[in-house]
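Reader: I would like a close look at one part of this model. Please take one strand and its partners, then work outwards to the chain and its neighbours.

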Amino acid sequence: MDRQPSAPKVVIIGGGGTGGALAHDLTQRGVRVTLVERGEITSGTTGRHHGLLHCGARYAVKDRESAVECIEENTILRRIAPGSFELNDGLFVAVTDAEADYEKVFFESCQAAGIPVRRVDRAEALRLEPRLNPELRCAVQVPDGTMDAMRMPLRFFATAKRNGAEIRPFNEVVGLTMTDAASPRAVTGVSVKDLTSGRTYEIGADLVVNAGGPWAGKVASMAGVDVPIQPSPGILVAVRGRYCNMVVNRLHASGDGDIVVPQRELSVIGTSSWVTDDPDHLTVPSDHVEMMFREGSMMIPSIRGAEVRATWSAARPLIGERGASTGRELSRTFKCFDHAADDGVEGFVTISGGKATTLRAMAEATADVVCRKLGVDRPCMTREVVLLPHTEYYA
Amino acid sequence: MTVREDRTSPRRRGVYGWVDPRGRRLGHWAFILNRLTGLGILLYLGLHLVVLSMLATGPNAWDNFVSLALTPVFLAMDVVLIFGLLLHGLNGIRVTLVGFGLVVDRQKALFVSLMVIGAIVLVVASLHIFEVG
Amino acid sequence: MTAQESPVTEQAQAPVDTHATSGTGRHVRFRVSRFKQGDQRPHLQDYDVEIAPATTVLDALTAIRRDQDPTLLLRHSCFHASCGTCGMRVNDKEALACVTEVSDLDCDTVKVEPIANQRLVSDLVTDMIDFYDRFRAIGRPLLRQSEAFPDSEVAPGVEEHRRYESCIECGLCLSACPIVASDGRYLGPAALAAAQRTVAEPRGGDTFSVLRLTDDAQAAWRCHLSFECSEACPSNVDPAGAIMFIRRKLAGQRVNSIFGRRS
């Protein structure tokens, strides 16, 4: 890996899964990377999700693009991060006749999206997962899995760090350094405060990437640029006890409380959706907690009586026009904004949207844009490079 | 098994981590009492040897010591000594058993039962000791 | 607190934020350990936070950071006792801040300090590098066989039901252990528990060399049975039980080797 002093320098703002995967991709292409994050790595949205290794089935009917992305990345992640997932597959369970009717279009849409699926009748479903609602009509087996929401992305950070990237948690960007308004505007670096000491300093960069997740809008405004990020929180409930080994989903068009993800000795019921302007202030509404139990027990009745381990909220970084009322209508794909083209600001790129499962794909798309702008002619390696174990981050 | 040298000021709590009782539970009390009684018994051993050496100086010194040994204060210290011996010895049985992977699940109950036995023996011993005086 | 026209009606219409950190009227003082690079030693700083019944210590600390003092640093990620990053000492007891409800502490002043026996970076943030160093020789298996529903069928295409090991690498066990406190060379409960898991369920690993690594005066034999590690563990790892399991195995090997030679 060449690390010439003349290699271009990129600063990534944001230490979530996207930032980490991008740091890995860019270092693989010979770019010098410094990543700054104001808190602990993955302390934003990345660490908080229920840990689903998505197979895309949930989007097969309404959002084909997302579904195809998901299943491709699902396969790639299993290859580049082996040993990081509970790989017991998943079930989509129909508990009403209407849902049983929906099964046909669901099944065919999954097939069309390239998601390997298998029909499962009621008797077999109950043999696979004894705690399922005995009233279920039928089920579909899908290649879902469980990931450790923090440790899996941490492998990207570990690999990037080993290959020379500088990862700086507890370093907060307080401003962007930019050229004068007279000449074509360009971002030339970042002003950072090292929160462990209070010292402020600057990092010069050939390009700055905004991977701030739900905070990407705030970061973009530091460059005088408007990025249409709509933070969209949802609630999650973790209960004690492993109520299933497979991920259990409700076989219907996307809705609230329709997934139970097993994790170690816990089961996580999710999720719901609302919109907010302040990702730093997420509430945990009591009616949503009740709704998780109500909906969750439609799939697994005994989960009703489970002991709560934790209730919390996480904000999805959805892209779209502001004004959406619940967040579910917004597209789930990710988008890379090159602000030179969109807003006349050179040296600044924003990546947002996406899902935990598609972090590598988001990074690839962003790295392609970044490398094109910087004149770096190296292909993406991240589909094949096996990541270091997460423990190597602490070496 | 080497662990990396501390690069910055280490924050190991040191022996304070042994004796700070806040937030600690039964197993830790057994641990710290074993150490304290062990030190106590060691101290007693030293004193015992000193006393025995008095024998070498003749019957007068010994008789003086015996009359001292029969005073209530001294008898009370004997009770403390027996308490220490019982605690250390009985907990020692627990440490030996549990420390080789036996009775691990019931180790708290084992500690309590052994201490109850110890308490009974201590009461009987104290009664005997003070009868002599 | 401002008076409201009809608070009861207000509550009935709007869902309650179960983790609220303001507007509840129940005030709690948080004494938080503060330390910045360059300071001589940490000091305690007081903050006032209002709490709701389900408000956790982590909620309170993030609210302090957001509303009162943006210089306060802490580690957190998953909010549900799975990542292990928010380990702290709360009122002198090791705990995960994200699942410690303030109302369960049942007091008006909550002291929050970083976990002990690790290097302090700033405020409540410790450097976990020594923690992970201990795993290096032993290994850190991430997946194990799932004990849930052993009689259920396994779906075609799935080899067997697997789940993550219980250990979430929070470091609470090392913070609570009196031997780690006084001897930096002790391998410690977390790594020893990981070793026991490798021995109990090999998964193609080399149990012989792992056992040999634990058979050391600074490894399995260094424990003095305070059992604080198992008390502190939020994830049912039972490191103390694991250490005793290893000792039994090692002792058994010794005995076997003695009798083995005879026969």
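Author: What follows starts at one strand of chain A and moves outwards from there. The model is predicted.

Take strand S17 of chain A, residues 266–270. Five of its five residues are buried. Burial here means 20 or more other C-beta atoms within 10 Å of a residue's own. Both faces of S17(A) are covered. Leu266(A), Val268(A) and Gly270(A) lie on one side. Ser267(A) and Ile269(A) lie on the other. In general, side chains of a regular strand alternate between the two faces of the sheet.

Now the partners. Strand S14 of chain A, residues 229–240, runs antiparallel to S17(A). Five bridges join the two. At one of these positions, Leu236(A) faces Gly270(A). S16(A) also pairs with S17(A), again antiparallel and over five bridges. There, Val261(A) has Val268(A) as its bridge partner. S16(A) and S17(A) form a hairpin with two residues between the strands. Arg264(A), in that hairpin, takes a positive phi near 50°.

S16(A) leads outwards. Strand S16 spans 259–263 and is among the elements that give two or more residues to the side of chain A that touches chain C. The others are helix H4 (122–128), helix H7 (286–299) and strand S18 (308–319) of chain A. S18(A) gives the most, with four residues. In total, 47 residues of chain A are in contact with 48 residues of chain C. On the chain A side, these divide into 17 nonpolar, 17 polar and 13 charged.

Next, other sheets of chain A. One open sheet has three strands in the order S10-S11-S12, paired antiparallel. Strands S10 (171–178) and S12 (199–204) stand at its edges. Each has a single partner strand, so one side of each is left without a neighbour in the sheet. The twist averages 25° from one strand to the next. Strand S11, residues 187–194, joins S12(A) through six bridges. In that pairing, Lys193(A) has Thr200(A) as its bridge partner.

Another open sheet of three strands has the order S3-S8-S4, also with antiparallel pairing. Its edge strands are S3 (52–53) and S4 (85–86) of chain A. Each of these has one partner strand, so one side of each lacks a neighbour in the sheet. S4(A) pairs with strand S8, residues 145–147, over two bridges. Glu86(A) stands opposite Thr146(A) in S8(A).

Step back to the whole of chain A. The chain holds nine helices and 20 strands. Its radius of gyration is 21 Å, close to the 21 Å that the globule rule gives for 395 residues, so chain A is as compact as a globular protein of that length. Its C-alpha atoms fill a box of roughly 70 × 40 × 40 Å along the principal axes. Buried residues account for 60% of the 395 residues. Of the contacts between residues at least 6 apart in sequence, 74% join residues at least 24 apart.

The largest nonpolar core has 217 residues. Ala23(A), Val93(A) and Val209(A) touch the most other members. Beyond residues up to four places away in sequence, Ala23(A) touches eight partners that can be named: Ile12(A), Val33(A), Leu35(A), Phe156(A), Phe157(A), Ala160(A), Ala165(A) and Ile167(A).

Now the chains together. Two pairs of chains touch, and chains A and C share the most contacts. Chains A and B do not touch; their nearest C-alpha atoms are 11 Å apart. Chain C does meet chain B: 32 residues of chain C are in contact with 27 of chain B. On that side of chain C, strand S6 (119–122), helix H4 (129–138), helix H6 (178–182), helix H9 (228–232) and helix H10 (239–262) each supply at least two residues. H10(C) gives the most, with six. The residues of this side of chain C divide into 12 nonpolar, eight polar and 12 charged.

One last residue, in chain C. Asn91(C) sits in the loop between strand S3 (87–90) and strand S4 (93–96) of chain C. Asn91(C) is partly exposed, with 18 other C-beta atoms within 10 Å. Leaving aside neighbours within four places in sequence, Asn91(C) contacts Leu105(C), Val110(C) and Lys111(C). Asn91(C) and Thr109(C) are 18 residues apart in sequence and 8.7 Å apart in space, C-alpha to C-alpha.

Note on methods
Residues are numbered from 1 along each chain as its sequence is written. Chains are lettered from A and ligands numbered from 1 in the order in which they are written. This is a predicted model: local features need pLDDT of at least 70, side-chain atom pairs count only at pLDDT 80 or more; totals for chains, interfaces and linings use all residues. The radius of gyration is taken over C-alpha atoms; the globule rule is 2.2 Å times the number of residues to the power 0.38. A residue is buried if 20 or more other C-beta atoms lie within 10 Å of its own, exposed if 12 or fewer, and partly exposed in between; C-beta atoms are placed from the backbone. Two residues are in contact if their C-beta atoms, placed from the backbone, lie within 7 Å. Ala, Val, Leu, Ile, Met, Phe, Trp, Tyr, Cys and Pro count as nonpolar, Asp, Glu, Lys and Arg as charged, and the others, Gly among them, as polar. A nonpolar core is a set of buried Ala, Val, Leu, Ile, Met, Phe, Trp, Tyr and Cys residues joined through C-beta atoms within 7 Å. Two strands pair if DSSP finds at least two bridges between them. Axes are lines fitted to C-alpha atoms, for helices over the stretch in contact, and angles run from 0 to 180 degrees between N-to-C directions.
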